[in-house]
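This briefing is for a reader meeting the structure for the first time. Please look through the sequence and the model before going on to the points below.

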Amino acid sequence: MKITVDFEECLKDSPRFRATIEEVEGDVCELESKLDKLVKLCIGMIDAGKAYNAANKQFVSGIRELAQQSTKDEVIESSLTKFAESLQEMINYHTILFDQAQRSIKTQLQTFVKDDLRKFKEAKKQFDKVSEEKEAALIKNAQAPRNKQHEVEEATNILTATRKCFRHIVLDYVLQINVLQSKRRSEILKSMLSFMYAHLTFFHQGYDLFSELQPLMKQLGGQLDQLVVDAAKEKRDMEQKHSTIQQKDFSNDDTKLEYNVDADNGIAMEGYLFKRASNAFKTWNRRWFSIQNNQLVYQKKFKDNPTVVVEDLRLCTVKHCEDIERRFCFEVVSPTKSCMMQADSEKLRQAWIKAVQNSIATAFRDKGDEGEKLDRKSSTSTGSLDSGGDPKEKSLKGESALQKVLAIPGNTCCCDCGQPDPRWASINLGITLCIQCSGIHRSLGVHFSKVRSLTLDTWEPELLKLMCELGNKVINQIYEARREELRARKPQPGDPRHEVEAYIKAKYVDRRFVRRPSDEELRNKVVSLSKQEKRLSSSSEHLPPRAPPPTPRLRPGSNVSGQSAVASGLEARRDSLFCADELDSLFSYFDTSSKLRSIKSADSGIQNSADGSREMLANTPSNNSLTDADATETPPMPMPATLPPPSPCKEMVFYEPKEYSPGLQLYWASCARSLPDMAEALAHGAEVNWVNTEDEKRTPLIMAVQGGSLVTCEFLLQNAANVNQQDTQGRGPLHHATMLGHTGQVCLFLKRGANQNAADIDEKTPLTVAVEAANADIVTLLRLAKMNEEMREAEGPYSQSGDETYQDIFQDFTHMASNDPDKLNRYQQYDTQRP
């Protein structure tokens with residue numbers, strides 16, 4: 001042990017001793033400062049290490065999560081898991097290292113500073129104090145006067161005691177200095193050596209750990225080299241494909257869509273479309289649509305279950321929508337609902353329409369006769385109401401409609417291919433079709449052909465009469481007039497579908513086989529039709545009006561009265577629309593309707609529809625079905641001898657037109673009630689809403705009203721006639737039918753959405769005209785329609801088709817207008833001799 005301060009020298013208290021002490025004190029003070037700094041740095045290092053370990057643990061957790069996400073790749077999952085385990089071991093080793101640093105550096109050095117250096121400071125304080133006391137004793141002893149012996153003795157005694165005390169304290173101080181200098185070496189080296197051994201252990205453990213991991217790392221390195229080669233090859237392939245795609249024409253920026261009925265996943269076509277919601281706001285939402293398994297479905301997200309728009313594509317049609325503000329829209333119509341959709345471009349719209357049409361055709365081809373077993377509801381292509389009542393009274397369905405339509409010449413075989421025993425029909429063309437041709441007709445769109453089943457659908461009387469007025473023979477004489485001349489082969493049963501489809505499109509879409517009339521032939525046809533209309537008008541003069549028949553009392557068992565009770569909560573509204581006499585007359589009218597139909601002779605059936613459909617042509621008063629007892633029980637209401645006649649219709653006068661056109665032929669054929677000539681005019685390109693500017697801008701539908709035929713009106717409406725188009729007097733078809741007292745036509749127009757609130761230039765609505773003419777039937781129909789409209793508005797946007805009583809009454813009017821028009825003629829001579 002090297003002595004830093006000599007003991008002998010300290011007793012002398014020489015200047016050399018004092019210099020040595022001062023040097024030692026400065027060194028100890030600097031040592032304390034350095035040790036304090038080192039301890040603080042150690043504390044900071046330990047804290048940073050703990051933070052590093054915490055961050056490292058999070059990093060390792062991220063590696064584990066990545067391994068769990070890569071379960072499909074076994075190499076990545078196993079490698080990452082092993083790496084995470086090794087890194088976690090290293091974190092544990094780091095934790096041990098930092099704990100060792102805390103024990104070896106922080107704890108040991110802090111103990112040395114707090115214990116040994118503190119003792120040194122205390123000894124230094126005592127040494128400084130006794131040094132000052134010794135210095136004071138020496139000064140006092142030197143100053144003691146000789147003549148004052150007691151002061152000399154006192155100073156001598158104090159100096160002796162102070163020197164004795166100084167010797168003891170200075171020896172202790174020197175000892176403390178020497179011990180401290182010796183101990184500082186051992187404490188500092190001991191703590192640092194312990195810290196270095198901790199590092200040695202840490203790195204040995206890490207080396208051993210990674211030595212075990214090295215084989216796996218070498219194996220992965222080899223695999224990685226191959227992966228790099230494969231990735232480079234894939235990159236070249238993708239770049240080549242990218243270059244090939246870039247060379248294609250993307251000028252229209254349309255997504256490539258292809259219809260593939262044989263796709264492996266069963267999806268014939270898919271892509272994004274905007275869909276209009278069925279709620280009150282009619283919002284548009286972008287959805288992913290697909291055609292699969294003969295269904296049209298869509299979904300918002302991939303994981304969502306697809307929402308079915310159309311259950312069976314065989315029961316739907318698709319058409320363009322040009323009457324709304326948005327572009328590129330089309331509509332898919334099924335028996336129960338319709339769905340409005342919008343594509344991103346015209347090209348995409350055409351692609352989707354083509355895909356739906358092809359899917360419809362494919363569904364018919366694949367399933368064949370299974371289509372006959374479908375349980376479908378009445379087609380929405382006509383917009384007619386279905387009362388849900390007895391089909392024998394309300395409408396015809398199944399074998400009854402089939403037998404009547406097939407009885408027409410030429411209807412026993414398909415109109416386009418000759419397949420026997422057809423079960424489908426096109427209601428706007430008036431022809432019968434086999435199942436394959438019906439699928440092709442559906443793919444054309446409803447603006448060309450509206451397809452219905454003769455066995456599955458419900459047939460309204462006016463539609464059935466329309467079918468019987470035309471037929472395959474009449475239509476083929478028009479649409480195949482030049483087929484033999486052009487040497488075009490007509491398809492036969494069993495021909496390939498694409499050949500049949502090409503022929504049907506050439507026949508109805510391109511109208512390639514229609515014979516175009518010369519100007520002279522067209523002129524003769526128009527003149528002939530105008531003369532035919534005059535002959536019909538002269539043979540059907542309006543007879544003097546008579547009072548309505550007696551109003552019998554409503555029987556308690558009446559079906560209509562039972563239905564009217566359903567709306568008992570709307571008494572106030574009914575009171576505002578009808579008086580009591582009108583309601584009694586209305587319900588009693590239909591209470592006896594079944595008896596009226598049973599008495600009607602067979603002459604008013606379907607075969608005589610051309611004459612029977614004309615209202616106000618009967619020359620004999622209708623029979624009263626009430627018994628004498630009923631008549632005596634309820635006496636007739638007191639009525640005047642005559643009622644105000646209806647507004648006189650304008651006399652039809654033919655003027656030489658400036659130009660003869662197919663539209664003019666349709667115009668006069670509608671008035672003459674000649675459906676074949678009307679069909680011919682449409683085949684020649686006549687616009688169904690053609691306006692005669694030389695005759696108050698009247699339309700063919702208004703002329704059909706003037707002609708008085710319900711069937712001609714139905715034919716025009718089936719071919720997209722506008723039910724609300726007005727003439728120069730501001731009167732639409734509903735106005736004219738009301739003025740002429742044509743109750744059946746009024747009923748038909750109301751069912752087709754005619755606006756009964758429209759007023760003419762005299763500010764008269766159809767209801768005003770009917771009230772002035774005292775036509776109770778038409779007033780009843782108009783008010784019923786208005787009441788039904790109010791009820792639907794009150795029920796909100798999710799209401800159904802309206803009141804059941806309203807539907808039943810309109811169905812009864814429809815049946816009566818088609819089969820018993822005499823029952824609706826209120827302007828005949830009143831027979832006063834009847835009881």
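**Cysteines and disulfides**

The whole structure, searched for disulfides, yields 0 of them. It is a predicted model, and the points that follow take up two of its cysteines, then the chain as a whole, its nonpolar cores and one sheet.

- A disulfide is a covalent bond between the sulfur atoms of two cysteines.
- Cys413 takes part in no disulfide. The nearest cysteine sulfur to Cys413 belongs to Cys414 and is 8.6 Å away, whereas a disulfide requires the two sulfur atoms to be within 2.5 Å.
- Cys413 has a relative accessibility of 30% and so counts as partly exposed.
- Cys316 has a relative accessible area of 0%, and is therefore buried.

**The chain as a whole**

- The protein chain contains 27 helices and 12 strands.
- It has 835 residues, and 46% of them count as buried.
- The accessible surface of the protein chain is about 44000 Å², with 51% of that belonging to carbon and sulfur atoms.
- Taking contacts in the protein chain between residues at least 6 apart in sequence, 71% join residues at least 24 apart.

**Nonpolar cores**

- The largest nonpolar core has 94 residues. Within this core, Ile291, Leu296 and Phe749 touch the most other members.
- Leaving aside residues up to four places away in sequence, Phe749 touches Leu701, Val705, Cys713, Leu717, Val723, Pro733, Leu734, Ala737 and Ala754.
- Another core, of 27 residues, lies apart from the largest one. Among its members are Phe17, Val24, Leu35 and Val130.

**A sheet of 3 strands and a helix across it**

- Strands of a sheet pair through backbone hydrogen bonds, either parallel or antiparallel.
- One open sheet has 3 strands in the order S10-S9-S11, and the pairing is antiparallel.
- Strand S10 (431-433) and strand S11 (451-453) each have a single partner strand, so they stand at the edges and one side of each is left without a neighbour in the sheet.
- On average, neighbouring strands of this sheet are turned by 35 degrees against each other, with direction ignored.
- Strand S9 covers residues 424-426 and pairs with S11 in the antiparallel sense over 3 bridges.
- Trp424 has Ser453, in S11, as its bridge partner.
- Helix H8, residues 435-444, lies across S9, S10 and S11. Its direction runs at about 115 degrees to S10.

Technical notes: Residues numbered from 1 in each chain as written. Predicted model: local features only at pLDDT ≥ 70, side-chain atom pairs only at ≥ 80, totals over all residues. Heavy atoms only, no water. Pairing = 2+ DSSP bridges. Helix = DSSP H or I, 4+ residues; strand = E, 2+ residues; numbered from the N terminus. Axes fitted to C-alpha atoms, helices over the stretch in contact; angles between N-to-C directions. Contact = heavy atoms within 4.5 Å. Buried < 20%, exposed > 50% of the residue type's maximum accessible area, 1.4 Å probe, protein only. Areas by Shrake-Rupley, 256 points an atom, 1.4 Å probe, with all protein chains shown as cover. Core = buried A, V, L, I, M, F, W, Y, C linked by side-chain atoms within 4.5 Å.
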